[in-house]
Structure formats: C-alpha cells, structure tokens
Amino acid sequence: MTNRPHFNALLDQCADKPPLRLIVIRPEHASSLEGAMQAQAKGLITPIFVGSSDRISKAAAEIGVDISNIEHHEVDDERGAAIKAAELARDGVGNGLMKGSIHSDVYMGAVLQKEMGLRGESRASHCFVMDVPNWSKPFIITDAALNIKNSLDVKAAITRNAIGFSRAMGVTEPKVAILSSTEVPMPELPSATDAVELAKLSKDGEFGDAIVDGPFALDNAMSKYSAKLKGITSPVAGDADILVVPSIEAGNIFFKALTVLGGAETAGLVVGLKVPAVLTSRADSAEAKLVSCALAVLYQAQMNAL
C-alpha cells in the first residue's frame with residue numbers, strides 16, 4: 001500500500017476488478033519500470049512491454065525484479081515503440097496503455113492518430129488525481145497536460161470527461177468548479193465567461209447528475225471559509241471534486257506547486273479514448289505510477305459496464 005490515505009482507498013476499490021492488460025511503452029529506466037511491476041504484484045495489471053529488451057533488462061536488474069515471463073515486443077526507437085503500442089491496443093492485444101521512458105508528445109501523437117482508431121466519440125483529455133496531505137478527499141485537476149487551446153467546446157468536453165472519470169472513482173454526484181482568477185463574471189475575462197456558460201449548460205442537464213458552477217477563484221472553490229466570507233452559496237463552493245483550470249499553463253503550475261511545495265502526490269490518466277492511457281511524468285514516483293495503474297483499472301471497469 002502507499003502512504004497516502006486517498007490513494008489507498010482507490011487501490012482498495014480495485015480489489016474485485018480484473019487485471020488490465022497494460023501495454024507499457026519503453027519501461028527502460030528503474031523509475032518507469034518499478035511502478036508497473038508494483039502494479040503487477042498487486043494484481044492490477046498484466047504488463048506487456050514494448051521497447052529495448054537490453055535496456056529493460058538492465059532496469060529490471062537495477063531494481064531486482066524478474067521480467068522473464070512478461071510478454072515483450074522488441075522495438076528500439078521511441079516513435080516506433082509508441083506506434084507499436086498503439087497498434088497492439090487497437091488490435092486488442094492489450095486494453096490499456098502506459099507511458100514509460102518516452103516523451104509525452106511522442107506517446108500521445110501515436111495514440112491520437114486517427115488511423116489507430118483509439119479516439120473516442122469526443123475529445124480526449126487528461127486528469128490529475130491529487131492526494132494532498134491533510135485534505136479531506138482526493139480531487140481532480142483537468143486539463144493540465146494534454147489540451148492546449150481551450151475553447152468553450154473543448155472545456156465542455158474536458159468537463160464531461162472528468163465527470164465520467166470521477167464516477168469511476170466512486171463519486172456519485174461530482175461537484176465541478178470552473179476556475180478563473182475571480183468569482184465575478186467579467187466579460188473581458190474569457191475563463192470567467194466560459195464558466196458562466198458551462199454553469200448554464202449544467203443547469204440545462206448537459207452534464208447529467210453533476211453540479212458544474214463558476215467562475216470560482218481557487219480559494220472559494222476549495223475553502224468553505226473563503227466562500228462564506230465572499231457570500232458564495234453554490235453547493236460547489238468549498239467542496240469541489242473537480243477543478244477545471246483555465247489553461248494548460250495554469251493547471252501545470254498548480255499541480256506542480258502542490259507536489260513540489262505542498263507535499264502532494266499525483267496520479268494521471270488520459271480519458272475519453274477507447275482505452276485508458278496512463279500519462280505521468282518520467283520524474284514521478286513509482287507510487288504515482290502504481291496509483292495511475294489503479295485509476296486505469298477503475299476507468300476500464302466503468303467503460304466495460306456502460
């Protein structure tokens with residue numbers, strides 16, 4: 001188990017779920033291999049390796065794990081490994097993907113190619129799940145890793161994806177805060193006007209059994225005290241399960257501030273595809289990669305149930 005209570009609870013939710021056949025792309029360094037091997041040891045995944053057998057074997061020797069019985073597809077170069085992994089997922093050899101020692105743009109570039117057939121009906125997006133010390137529950141930050149140009153339609157897709165993902169985590173009525181730099185609708189501030197429109201869509205039933213509201217500054221989205229001081233009465237105020245950030249830059253800075261300065265741990269998953277795709281940083285801990293595998297298991301189980 002991890003030393004994070006919220007992440008432990010997510011791991012516990014996987015107890016009755018079948019293991020995911022997870023295609024791990026280039027687990028060629030100890031940090032990228034260890035999380036996958038921990039996930040295998042806990043029965044979360046059956047790994048399938050794509051990459052250099054020599055480099056993977058060296059990484060395995062470094063951390064003292066036996067990989068002799070793991071299916072392996074030999075591909076030496078980075079882009080070739082990403083393409084091969086996407087093809088294996090497309091052909092049903094595996095039902096999930098995981099980034100190892102590979103650049104994120106190469107990884108997602110292969111996965112999102114139209115001819116791979118892995119795109120869903122809507123736009124794919126990324127969710128970070130945060131376990132923050134002394135915080136009452138895990139929460140999602142989206143999208144801080146994948147979508148760069150966030151029009152209103154893109155934000156609606158990001159919001160819809162995060163809501164579905166949160167339900168896979170066991171949140172029955174997710175509360176979604178659309179973030180801006182203010183809680184006051186300001187016509188000259190696109191993030192605030194987008195939040196107003198998304199809140200209207202929520203009231204019209206666009207997002208189903210979820211509460212989407214905004215704009216919120218971060219403090220009144222997460223602190224009931226701050227929300228009360230400012231006279232904000234929304235059910236989302238101070239109790240958000242999902243934070244939809246204004247831009248990838250804002251989200252990236254926010255989640256890294258929590259991890260680097262606030263002692264938080266994070267796990268990451270791309271949702272909205274036909275298979276779950278684990279997307280973490282190469283610098284992330286083995287714990288982060290382990291819990292990301294758990295998120296992929298929960299998400300896949302939900303997709304199978306639909």
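This is a short working chat about a predicted model of one chain.

Q: What does the secondary structure of the chain come to?
A: The predicted chain has 11 helices and 11 strands.

Q: What radius of gyration does the chain have, and what would a compact globule have?
A: The chain has 19 Å. For 306 residues, a compact globule would be near 19 Å, so the two agree.

Q: And what does the C-alpha trace span along its principal axes?
A: About 60 × 40 × 35 Å.

Q: How many of the residues count as buried?
A: Of the 306 residues, 55% count as buried.

Q: What about the accessible surface of the chain?
A: That comes to about 13100 Å². Carbon and sulfur atoms account for 53% of the surface.

Q: Take contacts between residues at least 6 apart in sequence. What share joins residues at least 24 apart?
A: That share is 70%.

Q: Switching to helix packing. How do the axes of helix 2 and helix 3 cross?
A: Helix 2 covers residues 30-41 and helix 3 covers residues 53-63. Their axes come within 9 Å and cross at roughly 70°. Angles of 65 to 115 degrees count as roughly perpendicular, so helix 2 is roughly perpendicular to helix 3.

Q: Which residues make that contact?
A: Helix 2 supplies Ala30, Leu33 and Glu34. From helix 3 come Ile56, Ala59, Ala60, Glu62 and Ile63.

Q: How do the residues of the contact divide?
A: Into 6 nonpolar and 2 charged, with no polar residues, where helix 2 meets helix 3.

Q: What is the place of His29?
A: His29 sits in the loop between strand 1 (20-25) and helix 2.

Q: Is His29 buried or exposed?
A: Neither label fits: His29 has 49% relative accessibility, so it counts as partly exposed. The exposed class starts over 50%.

Q: What does His29 touch, beyond residues up to four places away in sequence?
A: His29 touches Ala59 and Ser101. Ala59 is also one of the helix 3 residues in the contact with helix 2.

Q: And how are the C-alpha atoms of His29 and Glu62 separated?
A: By 8.8 Å, with their positions 33 residues apart along the chain. Glu62 is another of the helix 3 contact residues.

Q: Next pair. How do the axes of helix 6 and helix 11 cross?
A: Helix 6 (residues 152-168) and helix 11 (residues 286-305) have axes that come within 8 Å. They cross at roughly 100°. The two helices are therefore roughly perpendicular to each other.

Q: Which residues make the contact there?
A: Gly164, Phe165, Arg167 and Ala168 on helix 6. On helix 11, Leu295, Leu298, Tyr299 and Gln302. By class, the contact of helix 6 with helix 11 has 5 nonpolar, 2 polar and 1 charged residues.

Q: What about Arg167, buried or exposed?
A: In between: Arg167, in helix 6, has 31% relative accessibility, so it counts as partly exposed.

Q: Which residues does Arg167 touch, not counting those up to four places away?
A: Thr172, Pro174, Phe207, Gly208, Asp209, Ala210 and Gln302. Gln302 belongs to the helix 11 side of the contact.

Q: How are the C-alpha atoms of Arg167 and Pro138 separated?
A: By 13 Å, and the two are 29 residues apart along the chain.

Q: Last one, Thr266. Where is it found?
A: In strand 10, residues 265-271.

Q: Why does Thr266 count as buried?
A: Because its relative accessibility is 2%, and buried means under 20%.

Q: Which residues is Thr266 in contact with, leaving aside neighbours within four places?
A: Phe7, Phe128, Val129, Met130, Phe255, Thr259 and Ala288.

Technical notes. Residues are numbered from 1 along each chain as its sequence is written. This is a predicted model: local features need pLDDT of at least 70, side-chain atom pairs count only at pLDDT 80 or more; totals for chains, interfaces and linings use all residues. Side-chain values use heavy atoms; hydrogens and water are left out. Axes are lines fitted to C-alpha atoms, for helices over the stretch in contact, and angles run from 0 to 180 degrees between N-to-C directions. Helices (H or I, at least four residues) and strands (E, at least two) are DSSP runs, numbered from the N terminus. Angles under 35 degrees count as roughly parallel, over 145 as roughly antiparallel, 65 to 115 as roughly perpendicular and the rest as oblique. Contact means heavy atoms within 4.5 Å. Ala, Val, Leu, Ile, Met, Phe, Trp, Tyr, Cys and Pro count as nonpolar, Asp, Glu, Lys and Arg as charged, and the others, Gly among them, as polar. The radius of gyration is taken over C-alpha atoms; the globule rule is 2.2 Å times the number of residues to the power 0.38. Buried means under 20% relative accessible area, exposed over 50%, partly exposed in between (1.4 Å probe, protein chains only). Accessible areas come from the Shrake-Rupley method with a 1.4 Å probe; for residues, only the protein chains shown count as cover.
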